[in-house]
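Me: I would like to go through the terms used for this model and see what each one rests on. Please answer with the criteria.

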Amino acid sequence: MSDTISFDNTVTELNDGVVEEIHSIEDIDAASDFELKHTPALEVIEGAHGQTIKATIGLKGIAHPQTEEHHIAWIRAFDGAEPLGTVNFGPTETPVAEFEVKRASNQIIVQALCNLHGLWEARV
Ligand SMILES: [Fe+2]
């Protein structure tokens, strides 16, 4: 899994050379259910040694399917340009990931890949 990321907010290149368009929601109140169910929901957990970002998939309680045919393949995170890791999921695994954050930058970027509908991003 590549951690290459572009910062024009439009595309990123994955490790297999595939360039994925990055989808994100500008206005949650105007978002469709299709957009809501693909977008990472981010929770910032304050700990004794820093923050943890907990990512689940789907906003407003709209869960993404997790089946062989249609599933979230992975979630990855960046602290600015620094990769925080990638968590891969099988078709029967619940796509939940936690990333420890040093907060070297003020921009945490979390991306999730749907095997059918591409790359979805949220920032905190
Ligand atoms: Fe999907």
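**Strand S8 and its surroundings**

Reply: From S8, Ile108, Val110, Ala112 and Cys114 point one way and Ile109, Gln111 and Leu113 the other way, and all are buried. This is a predicted model, in which local features need pLDDT of at least 70, side-chain atom pairs count only at pLDDT 80 or more, and totals for chains, interfaces and linings use all residues. Residues are numbered from 1 along each chain as its sequence is written.

Me: Why is S8 called mostly covered?

Reply: A residue is buried if 20 or more other C-beta atoms lie within 10 Å of its own, exposed if 12 or fewer, and partly exposed in between, with C-beta atoms placed from the backbone. Seven of the seven residues in S8 are buried, so S8 is called mostly covered.

Me: What makes S8 and S5 a pair?

Reply: Two strands (DSSP runs of E, at least two residues, numbered from the N terminus) pair if DSSP finds at least two bridges between them. S5 and S8 have seven bridges, in the antiparallel sense, so they pair. One of the bridges joins phenylalanine 78 to isoleucine 109.

Me: How do you know that S8 and S9 pair?

Reply: Six bridges join them, running antiparallel, so the requirement of at least two is met. Alanine 112 has tryptophan 120 in S9 as bridge partner. Three residues lie between S8 and S9 in this hairpin.

Terms used: Helices (H or I, at least four residues) and strands (E, at least two) are DSSP runs, numbered from the N terminus.
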